[in-house]
Amino acid sequence: MATFLYRTGRTAFRRRWLVVLLWAVVLGAVGAGAAKAPAGGDDGTSFMPGIEAQKAFDLIGERFPGSDADGADARIVFIAPEGQKVTAAGNRAAIDTLVEEAAGQSQVARAVGPFQAGAVSEDGSTAYATVSYKVAAGDLTDADKQALEKDVDEARDAGLTVETGGTALATQPAAGGAGEAVGIGLAAVVLLITFGSVAAAGLPLLTAVIGVGISMCTILALGSAFGLSMTTGTLASMLGLAVGIDYALLVVSRYREERANGHEPREAAGIATGTAGSAVVFAGLTVVIALAGLSVIGVPMLTKMGLCAAGAVVLAVLVALTLVPALLGMWPDAVLSRKARRRPAGRSAGAGGNGGTRWARFVLRRPVTVLLASVIGLGVLALPAADLQMGMPGAEAKPVSSTERRAYDALAEGFGAGFNGPLTVVADVRGAADPKAAAATIAEQIKGTDGVVSVSPARFNPAGDAALLSVVPSTGPSDETTKDLVQTIRAERPALEEGTGATFEVTGSTAMNIDVAQALQDALVPYLIVIVLLSLVLLMVVFRSVLVPVKAAFGFLLSVLASLGAVVAVFQWGWGAELLGVEQAGPIMSLMPVFLVGIVFGLAMDYEVFLVARMREAYVHGERAPQAVVTGFRHSARVVTAAAVIMIAVFSGFIGAGESMIKTIGFGLAVAVLFDAFVVRMAFVPAVLALLGDRAWWLPRWLDRILPRVDVEGAGLSRAPAPAPAAQDSTGTGTRPQEPART
């Protein structure tokens, strides 16, 4: 692999204008496609095939044709001025006018006012109307939304306080906003400090932005066909930017190192792509596998986000292997610091050691102390993860500045906390001798269950073989008591089925979120086991060792558990939540832990490959194990540190998002990188390698024969023939050596 990538880097350097032109054409083509493509559809965030709530949802669609079970809805909440009631003549007239005008909109299936449905609070201060649409929220046009907003504004002009909940007017979450720009700015500062050159700092940023631009334009262009929205692309944007900068950083850093060792520009670009590029390929491969593996969980939105992000990472790898050496060919000396340009050729800047060298020697002197400190520290941080509670935060987690949150609070105050999360019970009465009596018996039994406030009368379908009931719990949708209530109602089913001949299933957004959270919680440990085993196999191939992969897998577990513990402490327990703008602590978003495990696996393997590949390279070239650790740190510690700081800056930018899901992901990934790069890779890894010594690189002979050889450390390049001094490079930047022998 190193030989192939060496040739790729040299070719991209020599054909730099063609490479840049090809990438520009690709960016222009997908940009034009994105501009002309229609908007993407709904992500289907909560849907998961196989769970009871989804089966019940599908049954409603089958038995109640035209019921628009998946259609958008708006719950419009009216609050009378202080001292008045919504039933006053003027207030009632304004509410009736809104309902009448909303019902006349083309996409509205029905609009039910509070005085028709009895949806007025006991004290008369609050009421609500429900507007149901024929199409899903993602298919509503701007004209549909503006018409409803106009009706709402007219009701406000009449003196009422009006707030809107539901999916119809829900705001589309922003990926990172100004915070993302701040993250990019911090990344630029880190790169400038690391490289001491504006060009060297700007090149990784430029190539990363190009890669993310192509990724996001592709997602927008394909959004309508595959149901991709900006929410789906959030992770692609986040990861694509972070790894794009890191991968380019690694190649540029190795290029500068080879130039300092006396290689002419084209040869330095080839070696950098062959060695650092090999690490980039395997680092990218681990991220892609982890992200693509999210598809086995069974949540459509999770699958889409994982695959889109995997595509962004693939693009980042391709950009690092082709566009980066091409741009180095355009400015071969600009990426060097001023000090390096004045340094005589062949004199290396890093021979005397640096901070990485000093830290590695410190760890080698005290490996047991460093190992215990890192393991105990991360273990303590991981303790809150034992109390992990998963759910799907709704309007209660939105900022109080949003109308959805204010509508939620008004309904909870006027009608009770459980009113925001009613359960929908669909009764299948085909087997009952008296369908109406069976439905009434089911309703009566559920109404008598502890924790149920009310049960609506049964509404039958035209065929008379199914009935719908709306059950209002006494507790909110994210409360653990509500989860217990759903399980209690379902436990009553066998007895009711035996007595009535009818059966039922529980669904609705609250039950759907409960079932999804449970299914994902059940899938978390198996998924964790699968990717740990995957890391063992992949790293055995890369490092040709048994103990190094085991050490890497254990370090990954420490990172992911500590980051989960931090997420639980902040977003579930509320420790320091106000500092991050978290409006209300509660269950962790059900997608988050699985998401975090997959992504942190990829990022952890990134740093493992970046750091340990240089140690392996030094060891293969004859250094003893302790000295190889020092050499690896001398060459890679600064790059890994800079890469980690950049990722933390980029991910932290997403903490400023208004959407709870994006905020949680941004925080979780930022602390995961912090723990993995600065505790596991910088302390745990060298301490373990120091204790293992030469045994770290042991591999049984039978396994050595089975595993494929990929030459990540570039051993094949070191066996290449010496450059031919006479042949002039077509770039005019130096002599062209003979191609190395293929390995």
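Are E258 and R254 buried or exposed? Select the two residues in this predicted model and the solvent-accessible view will give the answer, since both E258 and R254 are buried. Their side chains meet in a salt bridge, with 2.9 Å from N to O. Colour helix α9, residues 230–260, and the geometry of the pair becomes clear: E258 and R254 are 4 residues apart in this helix, so about one helical turn separates them.

**From one salt bridge to a network**

Move next to K551 and E608, whose side chains form a salt bridge with an N to O distance of 2.4 Å. This pair links distant parts of the chain, because K551 belongs to helix α20 (residues 547–572) and E608 to helix α21 (residues 592–620), with their positions 57 residues apart in sequence. K551 has a relative accessible area of 4% and is therefore buried, while E608, at 0% relative accessibility, counts as buried too. Now select R254, E257, E258, R614 and E617 together, for these residues are joined into one network by salt bridges that share partners.

How many salt bridges does a search of the whole structure find? The search returns 23, and one of them deserves a separate stop: the salt bridge in which the side chains of R490 and E52 meet at 3.0 Å, N to O. R490 lies in helix α17 (residues 480–491) and E52 in helix α3 (residues 52–63), so the pair ties together parts that are 438 residues apart in sequence. Both partners, R490 and E52, are buried.

**Around helix α17**

Keep α17 selected and add helix α19, residues 509–543, which packs against α17 at an angle of about 95°, the two axes being 10 Å apart. That angle makes α17 roughly perpendicular to α19. To display the contact itself, show T482, K483, V486, Q487 and R490 on the α17 side, and T510, A511, I514, D515 and Q518 on the α19 side. R490 thus appears in this helix contact as well as in the salt bridge with E52.

Following the chain out of α19, stop at R544, which is found in the loop between α19 and α20. R544 has a positive phi of about 50° although it is not a glycine. Most residues other than glycine have a negative phi. At 8% relative accessibility, R544 counts as buried.

**The four-stranded sheet**

Turn now to the open sheet of 4 strands, whose order is β2-β3-β1-β4 and whose pairing is antiparallel. Its edge strands are β2 (108–112) and β4 (161–166), each of which pairs on one side only. With direction ignored, neighbouring strands of this sheet are turned by 20° against each other on average.

Within the sheet, select strand β1 (residues 73–79) and strand β3 (residues 126–133), which pair in the antiparallel sense over 7 bridges. As a landmark for this pairing, label R75, which stands opposite T130 in β3.

Then bring in the helices that accompany these strands. Helix α4 (residues 89–103) lies across β1, β2 and β3, and runs at about 165° to β2. Helix α6 (residues 142–157) also packs on the sheet, where α6 touches β1, β3 and β4, and the direction of α6 makes about 150° with that of β4.

**A buried valine in strand β6**

Select V425, which is found in strand β6, residues 423–428. With a relative accessible area of 0%, V425 is buried. Which residues is V425 in contact with, leaving aside its neighbours within four places in sequence? Show I446, A467, L468, L469, V471, F504, E505 and V506, which are the contacts of V425 under that condition. For a distance to draw in the viewer, take the C-alpha atoms of V425 and I442, which are separated by 9.5 Å although the two residues are 17 residues apart along the chain.

**Last stop: the cysteines**

How many disulfides does the count come to? The count comes to 0 disulfides. Two cysteines can nevertheless be selected for their surroundings: C217, at 19% relative accessibility, counts as buried, and C308, at 14% relative accessibility, likewise counts as buried. For C217 the cut-off matters to the reading, because buried means under 20% relative accessible area.

Key:
Residues numbered from 1 in each chain as written. Predicted model: local features only at pLDDT ≥ 70, side-chain atom pairs only at ≥ 80, totals over all residues. Heavy atoms only, no water. Salt bridge = Lys/Arg side-chain N within 4 Å of Asp/Glu carboxyl O. Helix = DSSP H or I, 4+ residues; strand = E, 2+ residues; numbered from the N terminus. Buried < 20%, exposed > 50% of the residue type's maximum accessible area, 1.4 Å probe, protein only. Pairing = 2+ DSSP bridges. Axes fitted to C-alpha atoms, helices over the stretch in contact; angles between N-to-C directions. Contact = heavy atoms within 4.5 Å. Disulfide = S-S within 2.5 Å. Parallel < 35°, antiparallel > 145°, perpendicular 65-115°, else oblique.
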